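I opened the coordinates and kept these notes in the order in which I looked things up.

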Amino acid sequence: MTRLYEWNPVPHRLAIHCPICRNLAEFEFATYRRIERREHIAYFKANKAFDYRQYIDGCGHKWHAALYYPGLHGPLQSGIHDLPDGYEPQFWAQSHYWCSSPGSGVGSVRCSACHFRSKHRLNWSDDLYFLISYRGHNLWAYDRDSAMALRNFIDSETRSVHQDGYSRFLLHIPSVFKHHKAREPLVKALDKKLCSK
Ligand SMILES: [Zn+2]
């Protein structure tokens, strides 16, 4: 497998293979907040809604974080009222797009086919559901809608990137996938993925 080409921003939810049944499942990134005071660590360690993590910054200093899993617990606002002073539930709200964090790739998976729900560390090239290998390169989309936009883009003669919400995504498609010989096998492979559940 080659490395995935990168583009930002990435949405906070991605379509992945269910680790149990391999059907289409939903991965959602965890959110995190720095724990500012040592005396607050015990609270986040004890609260089952959070995962406590310790990280080391570029200068070698330890710092502490509380991770939350909206994909498993829903928005934090709905369930917690005893946070230590200085913390607000919205600190752990999803931003519209995911940005790289210390726990990059940490999140949760939910599968509607087999009802599996768990914390999950994302392995991008192995997990992504809408990923097509072509001549040693990986073409990928983050969910069904973006896979459809990608399919239509590859299939079109004009290759216009002006599709609602996907212009930036389509702008970053490597040229190997836009060669005319790639059209038929890629559209066929994407159609197969889009038709499966
Ligand atoms: Zn499953």
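Entry 1, a strand pair. I began with tyrosine 55 and looked up its bridge partner in β6, which is tryptophan 63. I then took glutamine 54, whose bridge partner in β6 is histidine 64. Counting over both strands, I found seven bridges between β5 and β6, the latter covering residues 62-68, and the two run antiparallel. I recorded that this is a predicted model.

Entry 2, the turn. I noted that β5 and β6 make a hairpin, with five residues between them. Glycine 60 sits in that turn, and I read its phi as positive, about 90 degrees.

Entry 3, the sheet. I asked in what order the strands of this open sheet lie. The order is β4-β6-β5, three strands with antiparallel pairing. I listed β4 (31-35) and β5 (50-56) as the edge strands, since each pairs on one side only. On average, neighbouring strands of this sheet are turned by 30 degrees against each other, with direction ignored.

Entry 4, overall figures. I counted six helices and eleven strands in the protein. Of its 197 residues, 23% count as buried. I also looked at contacts between residues at least 6 apart in sequence, and 64% of these join residues at least 24 apart.

Entry 5, the largest nonpolar core. I recalled that in soluble globular proteins nonpolar side chains tend to be buried together. Here the largest nonpolar core has 22 residues, and Ile16, Leu128 and Phe130 touch the most other members. I checked which elements supply at least two residues each: these are β2 (13-17), β3 (24-29), β10 (131-134), β11 (137-140), α4 (144-155) and α6 (180-195). Where does this core lie with respect to domain 1 and domain 2? I placed it between the two domains, because both domain 1 (13-123) and domain 2 (129-195) give residues to it.

I followed phenylalanine 130 further. Leaving aside neighbours within four places in sequence, I found phenylalanine 130 in contact with Ala15, Trp140, Ala141, Ala147 and Lys193. Apart from the largest core I noted another, of twelve residues, with Ala66, Tyr69, Leu76 and Trp92 among them.

Entry 6, the loop between β2 and β3. I found arginine 22 in this loop. Its phi is near 70 degrees, a positive value in a residue other than glycine. For context, most residues other than glycine have a negative phi. Is arginine 22 exposed or partly exposed? I classed arginine 22 as partly exposed, because it has 13 other C-beta atoms within 10 Å and the exposed class ends at 12.

Asparagine 23 also has its place in the loop between β2 and β3. I counted 15 other C-beta atoms within 10 Å of asparagine 23, so this residue is partly exposed. I then compared its position with that of cysteine 114: the two are 91 residues apart in sequence and 8.5 Å apart in space, C-alpha to C-alpha.

Entry 7, the loop between β10 and β11. I located arginine 135 in this loop. Arginine 135 is not glycine, yet I read a positive phi for it, near 50 degrees. I classed arginine 135 as exposed, because 11 other C-beta atoms lie within 10 Å and a residue with 12 or fewer counts as exposed.

Definitions and conventions
Residues are numbered from 1 along each chain as its sequence is written. This is a predicted model: local features need pLDDT of at least 70, side-chain atom pairs count only at pLDDT 80 or more; totals for chains, interfaces and linings use all residues. Helices (H or I, at least four residues) and strands (E, at least two) are DSSP runs, numbered from the N terminus. A residue is buried if 20 or more other C-beta atoms lie within 10 Å of its own, exposed if 12 or fewer, and partly exposed in between; C-beta atoms are placed from the backbone. Two residues are in contact if their C-beta atoms, placed from the backbone, lie within 7 Å. Two strands pair if DSSP finds at least two bridges between them. Axes are lines fitted to C-alpha atoms, for helices over the stretch in contact, and angles run from 0 to 180 degrees between N-to-C directions. A nonpolar core is a set of buried Ala, Val, Leu, Ile, Met, Phe, Trp, Tyr and Cys residues joined through C-beta atoms within 7 Å. Domain bounds come from an automatic or database domain assignment.
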